[in-house]
Amino acid sequence: MDTHESTSKGFSPEKFNRTIAVLIAVVTLITAIIAYLQSDAAARDDRANRDTKRYSIEAFGRKVSGDARVNYDYNTAYQNWYELDLLADSARNRGDDEAAARYEALRDNTVQLSPLLQPPYFDAAAGGEPDIARYEADTYIVEITELRENFTAASVVKDAWDNKANTYIVHITLMAVSLFLFGLSTTISGQQTRWIFAGVGSVIAMVAVIWAVVLYVQPVNDLRDTGAIRSYAQAEGLAHQEKWEEAIELYDQAIAAAPDYANAYLGRADAVGSLGDIEAAVTDFEAAISRGDKSASTAGNLAWNYYLLGRFDDAIRLNQIALQSAPDELWIRYDLGLAQLASGDVDAARATYDLGMQSAARQVADAKAAGSEPPSYLWWGLDDAALQLDNLMQTLDGADGAPSAEQIAQPDAVYEAAAELFTRIKNQSVSLEYTGEPSTGEISAVITPLKFAEPVYDDQGEVQAYNEGEAFDFGANEISILFDYEGMQDGQNVLFKVYIDGEEDPSWRLIAPWELGKTGSAEKSLSLSYSDNFVLSPGDYVVEMYINEHLAQRGGFVINPEG
Amino acid sequence: MEQETANSEGFLGTLVAILIAVVTVLAALITWRASAIEDASGDADYDGLRAAVSAEETRALNNVNGYEDYSAYTAFKRYSDLGDLIAEDQVSAASEEAAMLVEAERANAHDLAIANQFLFPNKFLNRDNSYALQRQLGEMWSDAAREKDLMPEAKFAEADSLRSKSTKMMLSIMVLGISLVLYSLVESLEKQKNIMIALGSIAAMAGVSMAVLIELGKI
């Protein structure tokens, strides 16, 4: 009781209220300061938000404009030049020099129609193809890459300032609570309660102030201010032209300007990988991931480079991570299967390839059900899967390759499984493409190994003989595919696919129902021999023959380089 | 004497209360202006983005249409030049039959040139028979610019300026906040009350002046 009285005597409500009034005024001032910071952060947020939209709109417009321009330059202007050049050659080959001169004059006039037909993109005297990659890079690729990167950078800035602005609002709210408690403390009669309210109000205000200071000193880094984006965009333009060394220099500059620029590491990883430095590519892919690139594509590419280095466990782990976010990416699924296969886990590989084929079938069925078409990457994924299995088998056969044959566990079992999976993927791909259904059943027909030959004609244009071979000199304008067959039925679907240097050239596809009876010998021609100019371009050719969407036979030949 | 002191303190208390109320109202007014200016900056941003969309739409359409015309011109030029070159060769035809064949080729080429001539605006043909594509693209851009705003930069600059203005307004409110602190101290201090009132008033004047100057665009 005594204690209470003495305390009451020492307490002056008037003095307490005056102190609280000052506190209220101070908190109000601090609230005004935080409101100013909030307003500033919100303004920066708005500006960055606007910039994202602007960059996006501009990138879209420049892409359409650039495409329209390049389409004209290549598909009209250069096509004209090329046609007239061919016509001039044809006329000269026929001995019609007057017409040849006419076409040459016309061809030369065409040069003025487009910058693409002029230096540095094209040497009209030397002929050949214009440097379309350089032209595209100069016309719009560098520009839209810069705009897209600016868009991404502005989005990051927008998020950061948005977060700051919203957090300042929390601080202002806390200050309001504090003000409320201060106000309440001056109206309540209980002395203890007054102090509690004033104390809690003060603590809340202190917390808000400290929090606001911590938030204020946190920097918002804007990649647009570093100059890194410009270097990166130029590097991308050079990478588009496959000028890897020059591109790497610019990626280096971008990284020096912004050491956390994930896309620059990613670009440099592709560039150094293209130059064959897989170790460096792995380092850069890892750097990109550690700097925030969580895309399945990057994880898949890193996994692929691990695979090339023979680090199969790492490849499997990364592919599995990538598939968690992109389970329908066939190339990642098949890369996982390939790594499992190379590591000697044949059963796991088979299961993964099965899942991949089921996924492909499901995607095709879904697209058909929706009245649309499956994306081209689906066919590319299937082709790539077969190509990598083929490469693995070639490595086991003794060819140079990455990973090396020594790194592959249980090579015999792996080879056997790879051969079987290769055929199944080929069948699945053709079946899905032509029937929309997964491959089923087997074929009973037997096709002998394909032979390749240059036909020899007599004066009447009749074939007199075939000069068989595995390699032909540059200048060959017709190659015949020769084979014997048994068990065929007229009307069966027969398809020939031609791959040049590992990539299918769909313009060579031969598709027709079988009309040559049950048994016999056949010849199919790869030729545009009615042309005065056509010759097969140099490269490794692989021909595949399918019967009712099943791979029946496969073989290859080489066209030697000119000279 | 005590009575005078009490009267004086009562007057000061009333004065401070009135000043606090006035400053609070002024702060509210400035906040309203800051908010209105912020809103205007948002509108300017919107106008700028609309102009950016219009500009890119115009650029894309102009390029697509312009190069389509240029393609037709390219075909025209090819056949026109071919016809002219064949005509030059007619004089050296070896026989009458050959001359007739050459003449047929010339006529075909010129007919194809004429067919393509109607597929592009001939007014952009130069005297040397070349095509003024850049003039066409420039003219198309100017035509579009008469109908819609194609210059987003000016709007974006305006938005940035307004946004900066709004933020500065918040700064002036901060200065007004200082005057509130000083006025509040009047009640807490035993002495120097007049000094606090004077300082508070100076801060209030500074805050208001700052807001007015910002509003007038002087700061």
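**Exercise 1: the second largest pocket**

Task: Find which helices of chain A each supply at least two residues of the lining of the second largest pocket, and work out how that lining divides by class.

Solution, step by step:

1. Start with the helices. In this predicted model, helix 4 (132-185) and helix 8 (262-274) of chain A each give at least two residues to the lining of the second largest pocket.
2. Now look at the shares. Helix 4 of chain A has the largest one, with six residues.
3. Next, zoom in on the middle. The lining has 21 residues, and A:V156, A:N221, A:L223, A:D260 and A:Y261 are the ones nearest the pocket's centre.
4. Sort the lining by class: you get ten nonpolar, five polar and six charged residues.
5. Finish with the volume, which is about 480 Å³ for the second largest pocket.

**Exercise 2: the largest pocket**

Task: Say which element gives the largest share of the lining of the largest pocket, and how many residues of that lining are charged.

Solution, step by step:

1. Get the volume down: the largest pocket holds about 650 Å³ of space.
2. Go round the wall. Two or more lining residues come from each of these elements of chain A: helix 14 (376-396), helix 15 (411-435), strand 6 (493-500), strand 7 (503-504), strand 10 (539-547) and strand 11 (550-559).
3. Pick out the top contributor, and you land on helix 14 of chain A, with eight residues.
4. Check the centre. Of the 26 lining residues, A:L387, A:Y499, A:G502, A:E503 and A:E504 lie nearest to it.
5. Count by class: the lining of the largest pocket has 13 charged residues, along with eight nonpolar and five polar ones.

**Exercise 3: a closed space**

Task: Work out which chains line the largest cavity, and which helix gives the most to that lining.

Solution, step by step:

1. A quick reminder of the idea: rolling a probe the size of a water molecule over the atoms shows where empty space is left.
2. See how many cavities you have to deal with. The structure has one of 30 Å³ or more, and the largest cavity has about 50 Å³ of space.
3. Read the chain letters of the lining. From chain A come A:N80, A:L84, A:L106, A:N109, A:T110 and A:L113, and from chain B come B:T74, B:K77, B:R78 and B:D81. Both chain A and chain B take part, then.
4. Match residues to elements: helix 2 and helix 3 of chain A, plus helix 1 of chain B, each give two or more residues.
5. Choose the biggest giver, which is helix 1 of chain B with four residues.
6. By class, the cavity's lining has three nonpolar, four polar and three charged residues.

**Exercise 4: charged pairs**

Task: Explain why the pair A:D45 and A:K158 ties together parts of chain A, and decide whether A:R107 and A:D85 are buried or exposed.

Solution, step by step:

1. Recall the principle: side chains of opposite charge can pair when their charged atoms come close. Over all chains, this structure holds 49 salt bridges.
2. Take A:D45 and A:K158, whose side chains meet in a salt bridge at 3.1 Å, N to O. A:D45 sits in helix 2 (residues 13-94) and A:K158 in helix 4 of chain A, so the bridge ties together parts 113 residues apart in sequence. Both A:D45 and A:K158 are buried.
3. Move to A:R107 and A:D85, which form a salt bridge at 2.6 Å, N to O. A:R107 is in helix 3 (residues 97-110) and A:D85 in helix 2 of chain A, so this pair links parts 22 residues apart in sequence.
4. Apply the cut-off: buried means under 20% relative accessible area. A:R107 is at 14%, so A:R107 is buried. A:D85 is at 18%, so A:D85 is buried too.
5. Last comes a network. Salt bridges with shared partners join A:R47, A:R50, A:D51, A:D222, A:R224, B:D45, B:D160 and B:R163.
6. Look at one pair inside that network: A:R50 and A:D51 meet at 3.3 Å, N to O. A:R50 is buried at 4% relative accessible area, and A:D51 is buried at 9%.

How values were computed. Residues are numbered from 1 along each chain as its sequence is written. Chains are lettered from A and ligands numbered from 1 in the order in which they are written. This is a predicted model: local features need pLDDT of at least 70, side-chain atom pairs count only at pLDDT 80 or more; totals for chains, interfaces and linings use all residues. Side-chain values use heavy atoms; hydrogens and water are left out. On a 1 Å grid over the protein atoms alone, a cavity is a set of points where a 1.4 Å probe fits but cannot get out, and a pocket is an open set with protein on both sides within 12 Å along at least five of seven lines; lining residues have an atom within 4 Å of a point. Grid points are joined across faces, edges and corners, and a volume is the space filled by probe spheres set on the points. Ala, Val, Leu, Ile, Met, Phe, Trp, Tyr, Cys and Pro count as nonpolar, Asp, Glu, Lys and Arg as charged, and the others, Gly among them, as polar. A salt bridge is a side-chain nitrogen of Lys or Arg within 4 Å of a carboxyl oxygen of Asp or Glu. Buried means under 20% relative accessible area, exposed over 50%, partly exposed in between (1.4 Å probe, protein chains only).
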